[in-house]
Amino acid sequence: MTKRYLDIVEVRQLDWLLGSAADAMIICDAVGRIILANPPLLRMFDYDANDLIERPIELLLPEPARRVHVGLRTDYFKDPRTRSMASGRELSGRRSNGTEFPIEVSLSPLQAQQGVSLVMVTVHDISARKQAEQALRKTQDELRQLAGHLEHIKEEERKRIAQEIHDELGGLLAGIKAYVSVYIERETRAGRPAEPLLVDAVALADNGFQAVRKVITDLRPSVLDQLGVWAALEWYADQIEKRSKLVCSCAIDNHVTSLQIEPEISTMLFRVVQEALTNVVRHANASSVSVHATTDDTTLVISIQDNGTGFNADSKLTGDSWGITGMGERARYFGGEVTVTGSMDQGTCVRLSLPFEKLRSRH
Ligand SMILES: Nc1ncnc2c1ncn2[C@@H]1O[C@H](COP(=O)(O)OP(=O)(O)OP(=O)(O)O)[C@@H](O)[C@H]1O
Ligand SMILES: [Mg+2]
């Protein structure tokens, strides 16, 4: 049967070559007909050699892939001497009993005598690798869900603690201040001078108020809940200017403010910008930073650009730096993306993008 293509010596040589190979291999002619198949391949697809010889190679593919493959076959097998062959191509294989499994296929050209062009096909069963990849993807997904859930709990907890500090500690300080103030007023009305220690106590209560307000705001700025993310970003940029020597500008494009955004997503946007700005203050050695919120056709884009030392995000991330990893994870949880680019002469740019359709839903 193979005489049509090759002389008998050549077939024996090829047969020996394939027989001694540990990998599953087939040799096809230039139109994709199987000439030889070695034992590992026959075992992999559960065929006898006689079932395969002279049959088209598509027999080893499932039905839908077969049709596509027949269409492509001329490309795969046409004149193998002159074209580069596919290597590591992932396909589905089909055993004789119809079951399917993932395979990786590599083709290499073979030049037989009398100018006959052949193709050597090596097949690897990649079921285990695919299962491992799937398990890894599942674990990554679960970890992302867990991180998102923990983020949600943390944010709720911050809200609760801020509220409690406000009500309990704020109430306590207000009470102390009120009692002492009333006493001082009574004494003053009675013509007695105010006791300096009590006047100091009122001033201390005022300082206490400020400290409480700062703790509450650091936990969760109320402007975020009351006026939304854009006002919160403007407010935060203002805070950065006041607390550091940076010039911090914040430009929110008009149409951005009309976007409807879920509260959880607002929190995510705020926290990502907050971390980016904190990094600028801590690491960039910059004199200015700008926050810009805009849109392209389909996506909300917030960029934070500083004029500092810049850095290479790929090489700088260590086990202790969670800020940049956290920004990416937070954004990904809601279907967005964070990219960090930096160079010595252009500073660092953190770019957060989130498609419009993700603004109102978690996934
Ligand atoms: N804007 C920036 N300019 C220059 N270097 C930066 C900038 N942002 C980040 N870096 C560098 O990238 C590193 C990683 O940042 P990342 O926010 O992940 O961690 P971190 O700020 O060091 O710690 P944390 O986990 O508390 O955020 C920083 O240590 C710093 O060297
Ligand atoms: Mg950081």
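Biologist: How many bridges join strand 8 to strand 10, and do they run parallel or antiparallel?

Modeller: In this predicted model, strand 8 covers residues 299-306. One pair to look for is I302, which stands opposite L352 in strand 10. Strands 8 and 10 run antiparallel, and the number of bridges joining them is seven.

Biologist: Which residue of strand 10 does V340 stand opposite?

Modeller: Let's look at strand 9, residues 337-343, which is joined to strand 10 by seven bridges and runs antiparallel to it. Strands 9 and 10 form a hairpin, with three residues between them. Follow the pairing to V340, and the residue opposite in strand 10 is V350.

Biologist: Why is strand 10 described as largely enclosed by the rest of the structure?

Modeller: Strand 10 spans residues 347-355, so there are nine residues to check. Here a residue is called buried if its relative accessible area is under 20%. Strand 10 is largely enclosed because the number of its residues that are buried is seven.

Biologist: Now for the metal! Which residues are the protein donors of the magnesium ion?

Modeller: The magnesium ion is ligand 2, and its protein donors lie 2.1 Å from it. Both donor residues sit in helix 10, residues 263-284, and they are four residues apart, so about one helical turn separates them. One donates through OE and the other through OD1: they are E275 and N279.

Biologist: Is N279 buried or exposed?

Modeller: The cut-off for buried is a relative accessible area under 20%. N279 has a value of 16%. That makes N279 buried.

Biologist: Which helix gives the largest share of the shell around ligand 1?

Modeller: Ligand 1 is surrounded by 17 residues, and the closest are E275, N279, H283, W322 and I324. Helix 10 and helix 12 (323-333) each supply at least two residues of this shell. The largest share is six residues, and it comes from helix 10.

Biologist: How many charged residues does the shell around ligand 1 have?

Modeller: We can sort the shell by class. Six of its residues are nonpolar and six are polar. The number of charged residues is five.

Biologist: How much of the accessible area of ligand 1 does the protein cover?

Modeller: Start with some polar atoms around the ligand: a side-chain N or O atom of H283 is 2.7 Å from an oxygen atom of ligand 1, and a polar side-chain atom of R282 lies 3.1 Å from an oxygen atom of ligand 1. The backbone takes part in the picture too, with a polar atom of I324 at 2.8 Å from an oxygen atom of ligand 1. On its own, ligand 1 has 600 Å² of accessible area, and the share covered by the protein is 82%.

Terms used. Residues are numbered from 1 along each chain as its sequence is written. Chains are lettered from A and ligands numbered from 1 in the order in which they are written. This is a predicted model: local features need pLDDT of at least 70, side-chain atom pairs count only at pLDDT 80 or more; totals for chains, interfaces and linings use all residues. Side-chain values use heavy atoms; hydrogens and water are left out. Buried means under 20% relative accessible area, exposed over 50%, partly exposed in between (1.4 Å probe, protein chains only). Two strands pair if DSSP finds at least two bridges between them. Donors are N, O and S atoms within 2.8 Å of the metal (3.2 Å for Na, K and Ca); water is not among the atoms, so sites may look incomplete. A residue is near a molecule or strand if one of its heavy atoms lies within 4 Å of it. A polar contact is a pair of N or O atoms within 3.5 Å; within protein, one must be able to donate a hydrogen and the other to accept it, and residues adjacent in sequence count only if both atoms are side-chain atoms. Accessible areas come from the Shrake-Rupley method with a 1.4 Å probe; for residues, only the protein chains shown count as cover. Ala, Val, Leu, Ile, Met, Phe, Trp, Tyr, Cys and Pro count as nonpolar, Asp, Glu, Lys and Arg as charged, and the others, Gly among them, as polar.
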